[in-house]
Amino acid sequence: MTLTRTLLAMTLATMLAAPAFAKEFAYVANEKDDTLSVIDMDTMEVVNTIAVGDRPRGIELSKDGTQLYICASESDTVQVLDLATNTLVGELPSGEDPELFALHPDGKRLYIANEDDALMTVVDIPSASVIAQVEVGVEPEGVAVSPDGNTAIITSETSNMVHWIDTKTNAMVHNTLVDARPRYAEFSPDGKQLWVSAEIGGTVSVIDTASKEIMKKINFAPKGVHKDKVQPVGVRLTADGKTAFVALGPANHVAVVNTDTLEVEDYLLVGRRVWQMAFNGAQDRLLATNGVSGDVSIIDVPNRKVLKTVKVGRYPWGVAVKEAN
C-alpha cells in the first residue's frame, strides 16, 4: 500500500471511530399547546415540536440525561420522554394536578407538588410506584431537594409557608413563614441556603438551612416598572454559588443577584411574563420562558445580555437543557 493510501485509510478509520458531534438541546413545555418545543442550542432555533399530555408545566431531566420527566398537569400524570427518539415511553403516578417536582440526587425518587390536593407525592421511579403522600399547606407548588438528599422542600402558595420534609421518614419537620404566594425554591450548591421566591410579596427570601430562619429578603426595582408588576417566580443559582438569577414575572426582567452581598447587580429585559429558567451545560447560557409573549430569551451569562429571542408555543412554562454527551 502506498503512503498516500495508507494515510487515507488511517484518516477514514479515525473518522469512523470518533463519536459523532453531540449537540445540546433545550426542551420547553408549552402549557396552552400541550407540546414541547425543542431548541437546537447551536443555531438557537426550534427544530422539533413534540405532542405531550394536557397542560405540561414542570419538566426535568433524568439523572443519566436519557429521559425527560414532564408534569402533564391536567392529565394527572408525569410522562416519560425518551430523548434518543423524542417519544413518550411511559408514565409515573403523580397524584392530581402535578405542577412542579424535584428529582432526588440518587435519581430514583421524584417529589411532586399536587396543587389541588395540598399534598406532596413521593414516587419511586424504577418501580413507578408511590412511596408516600405528605399533607402540606394549601396550593403547594415549589419543590426542591437538598444536595445531600436529606431534605425535601415544598412551598404552599396560600399558606405562605416553606415546608421542610425529612426524606428518610417522609415526615414534615419544620415550617418557615415567607412572603405572600411562594412559587419556587432553589438550594444553593453547598446546601447552606434556600432561596424562595414570593410572587405577590415581590421578594426572594434567602433562608439559612441550618437554623431554617430567613437571613435576608431581597427586593427588586427594575427601572420604569411599577412595583405591583414585580412578581418573582423562577430562581437559578450558578454552580459556583456566586450568582443568582431571578425571573420577575410580568415585570419582564430577570434580576442578577450577587450571592455574597445578597444585592441586585443588574436587570435584564426579556419577554412578557418571564417564568422559569434553565442553564445549559457550561452555564454560559441561561434560557428564560416568557409565557405571554410565547417565546424564550437566551441570555449570555458572562456578558449579561440577551442574545436571541426564540418563538415557541403558547405559554411556555418549564424548560430543561440536555447537555452534549
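Which residue forms a salt bridge with E141, and how far apart are the closest N and O atoms? In this predicted model, the partner is R183, and the closest N and O atoms of the pair are 2.7 Å apart. R183 lies in strand β16 (residues 182–187) while E141 lies in strand β12, so the salt bridge ties together parts that are 42 residues apart in sequence. Both ends of this contact are covered, since R183 is buried and E141 is buried as well.

## Salt bridges

Side chains of opposite charge can pair when their charged atoms come close. The structure holds 18 salt bridges, and one of them joins R314 to D33, with the closest N and O atoms 2.5 Å apart. R314 sits in the loop between β27 (305–311) and β28 (316–322), whereas D33 sits in the loop between β1 (25–30) and β2 (35–40), so this pair ties together parts that are 281 residues apart in sequence. D33 is partly exposed, because its relative accessible area is 28%, and a residue counts as buried when that value is under 20%.

Another salt bridge brings together the side chains of K217 and D179, with 2.7 Å from N to O. K217 belongs to strand β19 (residues 213–219) and D179 to the loop between β15 (171–177) and β16, so the pair links parts that are 38 residues apart in sequence. With a relative accessibility of 36%, K217 counts as partly exposed.

The three salt bridges described so far are set out in the table.

| Salt bridge | Closest N to O distance | Separation in sequence |
|---|---|---|
| R314 and D33 | 2.5 Å | 281 residues |
| R183 and E141 | 2.7 Å | 42 residues |
| K217 and D179 | 2.7 Å | 38 residues |

R183 and E141 also belong to a network of salt bridges, in which they are linked with R57, D97, E99, E157, R181 and E199.

## Strand β12 and its surroundings

The strand that holds E141 can now be looked at as a whole. Six of the six residues of β12 are buried, and the strand is therefore described as mostly covered. β12 pairs in the antiparallel sense with strand β13 (residues 151–156), and this pairing runs over four bridges. Within it, V145 has A152 of β13 as its bridge partner. The two strands form a hairpin with five residues between them, and in the turn G149 has a positive phi of about 80 degrees.

Just as β12 has a loop after it, there is also a loop between β11 (129–135) and β12 (140–145), and E139 is found there. At 30% relative accessibility, E139 counts as partly exposed. E139 takes part in a negative surface patch, together with D54, E74, D76, E96, D116 and D117.

In strand β11 itself lies A132, which counts as buried because its relative accessibility is 18%. Between A132 and Y111 there are 9.6 Å from C-alpha to C-alpha, and the two are 21 residues apart in sequence.

## Strands β1 and β28

The salt bridge between R314 and D33 joins two loops, one of which is followed by β28 and the other preceded by β1. These two strands also pair with each other in the antiparallel sense, over five bridges. In this pairing V28 has V319 of β28 as its bridge partner. Seven of the seven residues of β28 are buried, so the strand is largely enclosed by the rest of the structure.

## Loop residues

Several further residues lie in loops. K212 is found in the loop between β18 (203–208) and β19, and its phi is near 60 degrees, which is a positive value in a residue other than glycine. Q283, in the loop between β24 (274–279) and β25 (285–290), likewise has a positive phi near 60 degrees without being a glycine. At 24% relative accessibility, Q283 counts as partly exposed.

V230 has its place in the loop between β19 and β20 (235–237). Is V230 buried or exposed? With a relative accessible area of 4%, V230 is buried. V230 and T243 are 13 residues apart in sequence, and their C-alpha atoms are 20 Å apart in space.

Technical notes
Residues numbered from 1 in each chain as written. Predicted model: local features only at pLDDT ≥ 70, side-chain atom pairs only at ≥ 80, totals over all residues. Heavy atoms only, no water. Patch = residues over 30% accessible without salt bridge, like charges linked within 9 Å, V, L, I, M, F, W, Y side chains within 5 Å. Areas by Shrake-Rupley, 256 points an atom, 1.4 Å probe, with all protein chains shown as cover. Salt bridge = Lys/Arg side-chain N within 4 Å of Asp/Glu carboxyl O. Lys, Arg positive; Asp, Glu negative; His and termini not counted. Charge placed at Lys NZ, Arg CZ, Asp CG, Glu CD. Buried < 20%, exposed > 50% of the residue type's maximum accessible area, 1.4 Å probe, protein only. Pairing = 2+ DSSP bridges.
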